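Please look at the sequence and the model together, and follow the chain from its overall layout down to single residues.

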Amino acid sequence: MARALCELQAELADDWNSENIVKHPKKKGLKIKKFARKQSKVNKCVDENSENSQLLEGNNIKVKALGNFPSSKELATLTKGYLKKRCKLGYRACHIFELAERAEEGKLKLKLKKTSSYEEIFDKLSKIKGFGPYACATLMMCIGFYQMVPMDTETKRHLQQVHKTKKENAKEDVKRIYDKLELLEYYEIKFGKLSMLPNSSYHIVTGS
């Protein structure tokens with residue numbers, strides 16, 4: 001899903017396939033910065049091994065462009081339906097779109113300070129629609145707080161398969177076991193050094 005959003009951002013930024021991008025009818029006035037395309041130089045991240053490659057206009061090679069993660073401004077110009085279908089976001093599309101809208105309308109006011117405690121920040125994040133325990137814990141780790149390990153179905157599967165734990169004890173077990181970065185080590189035994197894994201293979205790092 002994150003990859004699909006970055007591919008979408010590349011299309012939005014350079015106006016690729018613009019006729020296929022469904023814009024929000026009320027937000028056509030929001031302009032997205034576009035970069036001029038030059039056939040002689042494609043300044044993009046390219047994954048030549050991707051199955052779903054795109055044919056660059058004026059070239060005979062197939063490449064796939066990755067942009068940045070889209071901004072709230074870019075996402076707010078789209079429709080929920082298009083965002084859901086284009087990036088296969090499922091129920092998350094509504095939450096992402098509404099979050100982008102709130103950010104652009106100035107309604108998302110977290111008012112975080114450098115002195116804000118873990119509990120204070122977590123509480124504010126958890127009040128945002130669509131931010132459950134997993135999303136909050138993940139975001140907290142992104143800003144330097146590691147008190148809570150993000151736990152999803154993959155985490156629970158690993159605990160039950162490798163440690164024979166029970167579902168009802170998952171929260172306690174994940175804190176006890178994952179403090180040792182065990183899941184990372186488990187995956188690297190199976191797939192090799194994850195930092196060396198090409199992004200086209202990220203999807204294999206799961207229980208499947």
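Two residues are said to be in contact when heavy atoms of theirs lie within 4.5 Å. With that in mind, and remembering that this is a predicted model, we can look at how helix H1, which covers residues 2–14, meets helix H3, which runs over 80–87. On the H1 side the contact involves Ala 4, Leu 5, Glu 7, Leu 8 and Glu 11, and these meet Tyr 82, Leu 83, Arg 86 and Cys 87 in H3. Sorted by character, the residues of this contact are six nonpolar and three charged, with no polar ones.

How are H1 and H3 oriented towards each other? Their axes lie 9 Å apart and make an angle of about 120°, and because angles from 65 to 115 degrees count as roughly perpendicular and those over 145 as roughly antiparallel, H1 and H3 are described as oblique to each other. The crossing in which H1 passes H3 is right-handed.

These helices belong to a protein chain that has nine helices and four strands, and the order of its elements from the N terminus is α-β-β-β-β-α-α-α-α-α-α-α-α. The protein chain has 208 residues, of which 31% count as buried. Among the contacts in the protein chain with a separation of 6 or more, 49% come from residues 24 or more positions apart.

A second pair of helices can be read in the same manner. Helix H5, residues 118–126, packs with H6 at an angle of about 135°, and their axes are 10 Å apart; H5 and H6 are therefore oblique to each other. H5 passes H6 in a right-handed crossing. From H5 the contact draws on Tyr 118, Ile 121, Phe 122, Leu 125 and Ser 126, while H6 supplies Pro 133, Cys 136, Ala 137, Leu 139 and Met 140. Nine residues of this contact are nonpolar, one is polar and none is charged.

Finally, consider two threonines and their surroundings. Is Thr 77 buried or exposed? Thr 77 sits in the loop between helix H2 and helix H3, and because its relative accessible area is 1%, Thr 77 is buried. Its side chain reaches the backbone oxygen of Glu 74 at 2.6 Å. Thr 138, by contrast, is placed in helix H6, residues 133–142, and counts as partly exposed because its relative accessibility is 30%. Measuring from C-alpha to C-alpha, Thr 138 and Met 151 are 9.0 Å apart in space, and they are 13 residues apart in sequence.

Methods: Residues numbered from 1 in each chain as written. Predicted model: local features only at pLDDT ≥ 70, side-chain atom pairs only at ≥ 80, totals over all residues. Heavy atoms only, no water. Helix = DSSP H or I, 4+ residues; strand = E, 2+ residues; numbered from the N terminus. Buried < 20%, exposed > 50% of the residue type's maximum accessible area, 1.4 Å probe, protein only. Axes fitted to C-alpha atoms, helices over the stretch in contact; angles between N-to-C directions. Parallel < 35°, antiparallel > 145°, perpendicular 65-115°, else oblique. Left-handed = near helix turned anticlockwise from the far one by under 90°. Nonpolar A, V, L, I, M, F, W, Y, C, P; charged D, E, K, R; others polar. Polar contact = N/O pair within 3.5 Å; in protein donor to acceptor, adjacent residues only side chain to side chain.
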